[in-house]
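Let's take a friendly tour of a protein model. Have the sequence and the 3D view ready, and follow along one stop at a time.

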Amino acid sequence: MMDKNTLLAVVLSVIVITIGFSVQSTFFPPEQPRPQQDQTAVVPAESAEEETAPETAVTGVRQVANIKRVDSATVNEETVLIETNIFQATFSNRGGVLTSLKLKEHEDNGKPLEMIYTGESNETAFNLHFGGPDREAVDDLFRVVRLDGSSVRFEGDFTYRDDNGNNVPFTLQKTYTFKPDDYLFELDISIINSINDIPRLENDGFAYTLSYGPQIGPEFSSLGGRQEYRRFYQYDGSKRHTVKIDKDTQYSTTNERYVWAAIAGKYFTVIAVPGAASYSTTYSSRPIPGLEDTAKIHFSRPVIKSSRNTDTFRFYFGPKTARILDKYNEAEKNGFNMQDLDLDEVIDQGRILGWLENILKFILLTFYKVIPNYGVAIILLTIFIKIVLFPFTHKSYESTSKMQSIGPKINELREKYKDNPNKMNAEMAAMYKREGINPMGGCLPILFQMPIFIALYGLLNKHFDLRGAVFIEGWITDLSSPETIFTLPFTIPILGWSEIHLLPFLFVGTQLWSSKQMSAGSMASNNQMKMMTYLMPIMFFFILYDMPSGLLLYWTVTNLLTTVQQLFITRHQKTHPKGA
């Protein structure tokens, strides 16, 4: 999906390219949302009084006065490990929370990728709050019940105060269930009253809130949009919607029903599929101590009206790849018999040119099957596109060369009829007709190529398989990120660069060479063309400096092929002046 800034950059690039007769385009990826903070501890009834619920959620941490933990002091703190073919999961019985979830098949800095990103904060995932999301999270010690090698239950005994002031007991259970080969797992929240009375768990209009946070992995230094970002999505069964976070409050709450809600990064995502209850869902980007960029989802459950209640949540933690996400559209392909979830809708794809992006992906994967190196596959794809676009680019460059060849004659007409614009335009039109030149012939063919460049940008900027893909060992070791040849012992002021990348220099060098060849013959008399030839590539150098190496590889090879093509056309026209 392309935002307004990206679209504007594309349009401006088209204008720049057309004026300068150079085939380049530059775009800018998404923005990011960021989420909120949950605290700890359910406080005994004697320690605080009930407060009035605020009109908005996630406004601050408040205690619950009518709920009390019974036997926390008799339970020892414990860490629980569960390992499947997919996950390495670590739990704490303090709150029954998930403290770490690593993806064994994917790496981040040479280690299994951590999906519970906490930064320097002490927060954990799947905290439970009695009441709304601004209530304190339960951090009491739970009993651990190991159901089997892939399931664990955390349970604790609490009391709530009834209308007569009596403390009535109930049990809270959090049960996690994994399957050997699934990126999906289940979390059951059970509230059981042993005396068949309906627990009056109602604070802020909710029985409880389940929170995911504080952030999803992989580790990042910043969420600038190019290398990594965070977005909130909701899918209603027919269409995916982007959740907009209020800039002032830094959260957004909805009571609409949906199939799933997601926090999406560039390559990985967490998708929550809640149960049948009508949850109020709060998306939050509020910073917490130790983590400025957060991404949280809170599921607030309506008041429970039965003595025994179990809510089932399902969570997908994994890559944004269709071949994995599609498993949850057919029951027989996953361990939880889930179907028609359409989790693949979380994948960001150009809404207008998505079909073209898919075609280019198919061609890229075909080349990769022949030569299993994505760097080589990108080069072959570049050559293939150059061949397909040859009729357009050839006509464009040919027309440009013809315009340059009659440049002296045009300058003579401008000088001769500088006081008579109408006569000058008439004489120039007559000259174009005699020479068989269309003044727009160098511009229009380039415009026809722009959809391919836009689709290629989308493909090479976020294709999952490029993550960690090596082109040249020791140099370009990850086509989804910038390559580095030298790390500076300092950060360059203003620019914020601390690493030296070689590909941007190769790009600007080949771009200058290509632009010079395309403008040859008019440089001496056209100062504007001089500026376009030298300043525009330099400007693009700074814009593209931190772009993924796969993109810069494509553009650099494109520049080389364009230069070769222009040299051939120029030489042909010198030996065949009347050639078509």
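Which residue forms a salt bridge with Glu78? The partner is Arg146, and the closest N and O atoms of the two are 3.3 Å apart. Keep in mind as you look that this is a predicted model.

## Salt bridges across the chain

Side chains of opposite charge can pair when their charged atoms come close. In this model the count comes to 17 salt bridges. The pair you have just met links distant parts of the chain: Glu78 sits in the loop between β1 and β2, while Arg146 belongs to strand β7, 68 residues apart. Glu78 is partly exposed, at 31% relative accessible area.

Another pair to find is Arg323 with Asp465, whose closest N and O atoms are 3.2 Å apart. Arg323 lies in helix α2 and Asp465 in the loop between α8 and β20, so this salt bridge ties together parts that are 142 residues apart in sequence. Arg323 counts as exposed, with 56% relative accessibility, whereas Asp465 is partly exposed at 22%.

## A salt bridge within one helix

Now look at helix α7, residues 421–435, which holds both Glu427 and Lys423. They are 4 residues apart, about one turn of the helix, and they form a salt bridge with closest N and O atoms 3.2 Å apart. Glu427 is partly exposed, with a relative accessible area of 24%, and Lys423 is also partly exposed, at 34%. Elsewhere, Arg231, Arg240, Lys320 and Asp348 are joined into one network by salt bridges that share partners.

## Two open sheets

Strands of a sheet pair through backbone hydrogen bonds, either parallel or antiparallel. One open sheet here has 4 strands in the order β2-β3-β4-β5, with antiparallel pairing. Its edge strands, β2 and β5, each pair on one side only. Neighbouring strands in this sheet are turned by 30 degrees against each other on average, direction ignored. Between β4 and β5 there are 4 bridges, and Asp108 has Lys111 in β5 as its bridge partner.

A second open sheet has 5 strands, ordered β6-β11-β18-β17-β14, again with antiparallel pairing. Here the edge strands are β6 and β14, and the average turn between neighbours is 20 degrees, direction ignored. Strands β14 and β17 are joined by 4 bridges; the partner of Ser252 in β17 is Tyr283.

## A nonpolar patch

Finish at the surface, where Ile494, Leu495, Leu535, Ile538 and Phe542 make a nonpolar patch of about 520 Å². Ile538 is found in helix α10, residues 527–544, and is partly exposed at 38% relative accessible area.

Key
Residues numbered from 1 in each chain as written. Predicted model: local features only at pLDDT ≥ 70, side-chain atom pairs only at ≥ 80, totals over all residues. Heavy atoms only, no water. Pairing = 2+ DSSP bridges. Helix = DSSP H or I, 4+ residues; strand = E, 2+ residues; numbered from the N terminus. Axes fitted to C-alpha atoms, helices over the stretch in contact; angles between N-to-C directions. Patch = residues over 30% accessible without salt bridge, like charges linked within 9 Å, V, L, I, M, F, W, Y side chains within 5 Å. Areas by Shrake-Rupley, 256 points an atom, 1.4 Å probe, with all protein chains shown as cover. Salt bridge = Lys/Arg side-chain N within 4 Å of Asp/Glu carboxyl O. Buried < 20%, exposed > 50% of the residue type's maximum accessible area, 1.4 Å probe, protein only.
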